[in-house]
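Here is a short tour of a structure for someone meeting it fresh. Have a look around before reading on.

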Amino acid sequence: MSSRYGSNINIEVFGESHSREIGVVMRNYPAGATFDPEELQLFLDRRSPGKKGGALRSAASTGRNEKDRVIFRSGVEEADDGMLRIGDGEIEAVIVNGDMRSKDYGSFRSQIRPGHADLGAYLKYGKAGLKTGGGEWSGRMTAPMCIAGGIALQLLGKKGIEIRGSIAEIGGSSDEQEIQSILQQAASEKDSVGGIIQCVVKGFPGGVGDAMFQGMEGKISQAVFGVPAVKGIQFGSGFACARMRGSENNDEYYFGDDGRIYSRTNNHGGITGGITTGMDILFQVAMKPTPSIARPQHTVNIETGQDEIMEIKGRHDVCIVPRAVPVIEAVTALALMDALMDESGLDFALLGDPVEHSLSPKLHGLIGNYGYEKIRVEKDQLKEILSDQRFKGFNVTSPHKRNVIPLMDELSPEAERLQAVNTVVRTRDGRLVGHNTDVAGHMRNLRDTGVTVKGSKVLVLGTGGAASAVVEGLRQMKAGKILVVTRDPARMAKAKSDPAWKGAGFCSYDDLRRHTDADIMINATPVGMGATFGDSPLDGCGTSFSDFKDLKLVEDLIYDPARTKFIQDAEKAGTRTVNGLGMLIGQGIMSSRLWMEEWSMGTGRGDNDDPELMKRIKTSLRLDQLSLVLVGMPGSGKSSVARRTAKVMDREFVDTDKVFTKEFGEAPGQILGDPERGEKVMRPMESKVIKEVCSGRGLVIATGGGAVLRPENRTAIRANSVVVYISRPLSMLSVKNRPLSQGKGVEKLLKERGWIYEKTADFKIHNKNFFGGGKGSYNRDINDFAEYLSERFREYVEDME
């Protein structure tokens, strides 16, 4: 027996709890799309049984130990970088069942188990419906659901759609410590508990769904009720709205600065009249207690025809809620992907290499109501991708701004002159027209600084497509003298005869010392991002920012990381700086306008000359991009505060000391406490970890007390983060298991490091709290502190230029 779902995509789950294997067949998934099998496996690991996955999951989980390794039988092929590409046919994937104990069910094969699907199955299928382990009605069947849904999650993620499930409550409580006690008590009493899962969908477009039986609530609900143990679902304010007045429940609307309609509250849960509104889709799912419990229960025996007492043996979850969270995410992804394929509308994409850290999907989610994904593509793959009729247009980034030109049917005058394309429009008759919106975007970025370009001497580092756009913009802004700086003599010679560089002079990095009278310096190279994170194009050239006495502005076209080493070095010299985020937004708005004009998607949602809109989009992108990093003395509470702040902000928490221990097999303190190794061995290892962790995005990071001692660490810590110094009275600093604090003493350590913390941080917060002291509770006190820190972070980001 199998079970199917979907009207556009189609998934068919097959197998049984105690069959040799379980699996899923997926049909009509988008051919050519790619997904990461390792990420898929990590997703399945979140629902797999066994004592792993955190305190709550461990306390609630069954002892059945299944690895849940996914085996693809058909429908996918290997792509680049370990990715799998979806083919034209159906995809079949299986999981081999390994840890089965069918004998545990032998004593009650003829009994109807209370709370299970047994009675209904028996009435429909007779005794054949009473399957060992629950058969197809078992929670075990959610594993193949997670294969299909896990792939859908990745595909939706490329379109900027994020689905997050979380535990709202277990056993009537939302307090983690209380839940632990509830689980322990239920287990000791041979009982089980249920709970509520909350799900939030962000980035889903408005206007999807329809009235009555085609509504989105029904579509999502159908998928969610496919999960065993689900007994209820409510959207937005749900059943609570039955106790409200209309004036309380109605969500009032307003026009945002971008011209879109928003609601001040979200009681409607992102869906009205069965159609999505563009607000977050919010719903809660009620999960019943695990029906398999070991305590005696009354039932019937269909063989003897007698009433009997039964006790269920075997291995069962005390509570299925922790493991069900990813399952709800998976089936929600299936429902949403199926709905989008009803009304996929228009799709656009970013082409480049690398594209992993691009903010373009988020940006276009703010300025348009269309699909947008990022595609890492090599030069020889461009023709194939550009011919994909699904996409009505593209943005093009490094290194393909010139590589796409031979594949265009037409170039706009500016793209023709610059020989660089960053926007492609597919016309209704199928032609590809290349445009360059970088020039307008960059000019806007410079104008927003207020620095006078007219008559200025400007150094432009780089000779790629981005650099040519910069030179064109500077020429239009009437810069006095433009010098293009390159390390490649052959490229310099070729560029001198290229009309794209008309009006610009050229020099090498060795010649920079002759041009220290420059007013503006612009980095248009990729140095400082990706594999060169932590590097600057000026490294090793013999000239530093301190040599440039007249510099009024230093600009780096890189926006991720937000503060490259190039930017930070300029700031140390006292020079005003700006990164390329404003250029990204400006060119994105222009790209969107070109696409919409061709495909009649309205008059556009953004105005490149609207400073309020630009500010709002910048803030939104920065809040997603920038991590929050805590620095400070050992024992100042960085880890505890960061962990709780991550929970408040709904972000991933990373402790660099924990990463260090996992990577090297020893804690930093163990090495510091070893007289033969100490700091000389530990600090370089620590630098490697800090560089890796701080190159990430949107994290909350706790660092070790000495993390700021090395200059390269400070550069990495500040690169893509808002840095906060957590200070604490010396008398309140813990020295337990901290060799340097015990050896040198906290007074000496603070004298050595205090000024470095101050210099590294963007702002400082005093932690004079004893969480849980006085009349307060620990959870309430640390939550208050975390919410205060989160608000300070947001205020800082909102105040950034």
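## Charges, pairs and overall build

Let's start with one residue: Glu-12 is buried, as its relative accessible area is 13% (buried means under 20%, exposed over 50%, partly exposed in between, with a 1.4 Å probe and protein chains only). Its partner is Arg-4, and the two form a salt bridge whose closest N and O atoms sit 3.2 Å apart. A salt bridge here is a side-chain nitrogen of Lys or Arg within 4 Å of a carboxyl oxygen of Asp or Glu. Arg-4, for its part, counts as exposed, at 54% relative accessibility.

A word on where this comes from: the model is predicted, so local features need pLDDT of at least 70 and side-chain atom pairs count only at pLDDT 80 or more, while totals for chains, interfaces and linings use all residues. Residues are numbered from 1 along each chain as its sequence is written, and side-chain values use heavy atoms, with hydrogens and water left out.

How many salt bridges does a search of the whole structure find? It turns up 51. Three of them are set out here.

| Positive partner | Negative partner | N to O distance |
|---|---|---|
| Arg-4 | Glu-12 | 3.2 Å |
| Arg-323 | Asp-317 | 2.9 Å |
| Arg-718 | Glu-571 | 3.9 Å |

The Arg-718 and Glu-571 pair links distant parts of the chain: Arg-718 belongs to helix 22 (residues 711-719) and Glu-571 to helix 15 (residues 565-572), 147 residues apart. Arg-718 is buried, at 14% relative accessible area, whereas Glu-571 is partly exposed at 31%. Salt bridges with shared partners also join Arg-4, Glu-12, Arg-27 and Glu-90 into one network. As for Arg-323 and Asp-317, both are buried.

Now for the whole chain. It has 25 helices and 35 strands; these are DSSP runs numbered from the N terminus, with helices (H or I) of at least four residues and strands (E) of at least two. Of its 801 residues, 53% are buried. The C-alpha atoms fill a box of roughly 100 × 75 × 55 Å along the principal axes. A compact globule of 801 residues would have a radius of gyration near 28 Å, and the chain's 30 Å agrees with that. That radius is taken over C-alpha atoms, and the globule rule is 2.2 Å times the number of residues to the power 0.38.
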